[in-house]
Amino acid sequence: MIKEPIGLQELRRKIYLKAKADKTCRFWGLYVHVCRFDTLHEAYHMAKRNNGAPGIDGVTFEDVEEGGIDDFIKQIRNELVSSTYKPLRNRRKEIPKGKDNVRVLGIPSIKDRVVQGSLKLILEAIYEADFQEGSYGCRPKRHAHTVVNRVAEAVVKAKTQIIDIDLSAYFDNVRHHILLNKVAERVDDDKVMRLLKLILKVNGNKGVPQGGVILPLLSNIYLNEVDKMLERAKEVTRKGKYTYIEYARFADDLVILVDGFRKWNWLVKAAWKRLLEELDKLDVQLNREKSKLVDLTRGGTFSFLGFDFRRTKTRLGKQGVLVTPRMKARTAFLGELKEVFRRFNSQPVDRIIQIINPMLRGWVNYFRIGNSSRCFGYVKDWVEKKIRRNLMRARKRGGFGWNRWSRNWLYNTLKLFSNYRIERYQV
């Protein structure tokens, strides 16, 4: 397909342009690009930037670099070229999810992360040309803030009838044969298909492991027909520049917003019916208890990507939207911080700050849009009191030491995280 050797970025650009120009094109000769040194090197550096725990083999990035990255890449390439590569089983790790549930992560070995990353770099160039505007999960130059803004803007534009979707154990129930058939619609390369099948089958006959490098791309491919259906619904009901239905999907999180005027009640029912039909084709089940219809004009609220959305009036008396971190998200985060304070109770306070600062920075950076100032104020005050109690306990005294340590001393001398500034989104 590509006759002259070119750089990885230029290769991806050419593949993308070809896929964009010809929606029926099936790409061949891709496997050689998956095996390229520069593709594998880029995949390694992607994995290194994400860091993460070792896989089932216990090999760390330090181990790889001690033995030499180039030799590590050469070994992977030789296994791919000779078709002797076999992925290891993922290491399972349970992450608490709510009171009684857990989310199981499948952590691949570093070698498997590199292979998955290399395959993703090539396939992503094709499918980015096929993905729809409302799909955001783990796509290049797209992030959670953008999709939250999209949903907030739809609410401001009077799309107040909400279909709040919760898919039941989506990642655990992806059907391999359906996914492989979808990939084959664009890929005519037996070696690529064989490699993808190896990756999928290593942990069972169905499902894609959460934690895999290629998982986000595969989940977007699997649900792309749902996105296409919703895009068609937008165009069919469009009147000039006005649309009466909007949607946003981030991996398996999906929300559909329909105009609140009663004229469009039929559109809510039609969208719901067509959604069920598309999901049935994929053998994806709805969580009936958590999926619901919400009317924001009657005081209803819905949650999406950790934020609560509700309709409100602005200071000018116009209809607006209030976007705040979910109480559940705040409670879970404070629980994580509380565990750090408990475990490191006997450590110097600067050691505790060294641990919690990255946690605070990551959590605040995610939620620093919308109307998060009250929540941030609560978290900031909670952390400050915890630090003060730690300082007083070290001196075997009670209280918070309000007069002993100023707020400026906590933030300027101890360097406690202090950037709780809100970034206003544009709607």
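**Exercise 1.** Locate Ala21 in the secondary structure, classify its accessibility, and state its C-alpha separation from Val151.

*Solution.* Step 1: Ala21 belongs to helix H1 (residues 8-21); helices (H or I, at least four residues) and strands (E, at least two) are DSSP runs numbered from the N terminus. Step 2: the relative accessible area of Ala21 is 70%, so the residue is exposed. The classes are buried, under 20% relative accessible area, exposed, over 50%, and partly exposed in between (1.4 Å probe, protein chains only). Step 3: the C-alpha atoms of Ala21 and Val151 lie 30 Å from each other, with the two positions 130 residues apart along the chain.

The model is predicted: local features need pLDDT of at least 70, side-chain atom pairs count only at pLDDT 80 or more, and totals for chains, interfaces and linings use all residues. Residues are numbered from 1 along each chain as its sequence is written, and side-chain values use heavy atoms, with hydrogens and water left out.

**Exercise 2.** Determine how many salt bridges are present, and analyse the pair Arg150 and Glu246.

*Solution.* Step 1: apply the criterion, a side-chain nitrogen of Lys or Arg within 4 Å of a carboxyl oxygen of Asp or Glu. The count is 28 salt bridges. Step 2: in the pair Arg150 and Glu246, the closest N and O atoms are 2.7 Å apart. Step 3: because Arg150 lies in helix H7 (residues 144-156) and Glu246 in strand E4, this pair ties together parts 96 residues apart in sequence. Step 4: Arg150 is buried at 12% relative accessibility, and Glu246 is buried with a relative accessible area of 12%.

**Exercise 3.** Describe the salt bridges Asp283 with Arg175 and Lys385 with Asp381.

*Solution.* Step 1: the closest N and O atoms of Asp283 and Arg175 are 2.8 Å apart. Asp283 sits in the loop between helix H12 (265-281) and strand E6 (292-295), and Arg175 in the loop between strand E3 (161-166) and helix H8 (176-184), so the pair ties together parts that are 108 residues apart in sequence. Asp283 is partly exposed at 30%, and Arg175 is partly exposed at 24%. Step 2: for Lys385 and Asp381, the closest N and O atoms are 3.3 Å apart. Both residues lie in helix H15 (residues 373-394), 4 residues apart, about one turn of the helix. Lys385 is partly exposed at 32%, as is Asp381 at 31%.

**Exercise 4.** Which residues other than glycine, among them Asn51, have a positive phi, and where do they lie?

*Solution.* Step 1: Asn51 has a phi of about 55° and is placed in the loop between H3 and H4. Its relative accessible area of 46% makes Asn51 partly exposed. Step 2: Ala251 has a phi near 60° and lies in the loop between strand E4 (245-250) and strand E5 (253-258). At 18% relative accessibility, Ala251 is buried.

**Exercise 5.** How many disulfides does a search of the whole structure find, and are Cys35 and Cys138 buried or partly exposed?

*Solution.* Step 1: with a disulfide taken as a pair of cysteine sulfur atoms within 2.5 Å, the search of the whole structure returns 0 disulfides. Step 2: Cys35 is buried, with a relative accessible area of 4%, whereas Cys138 is partly exposed at 48%.
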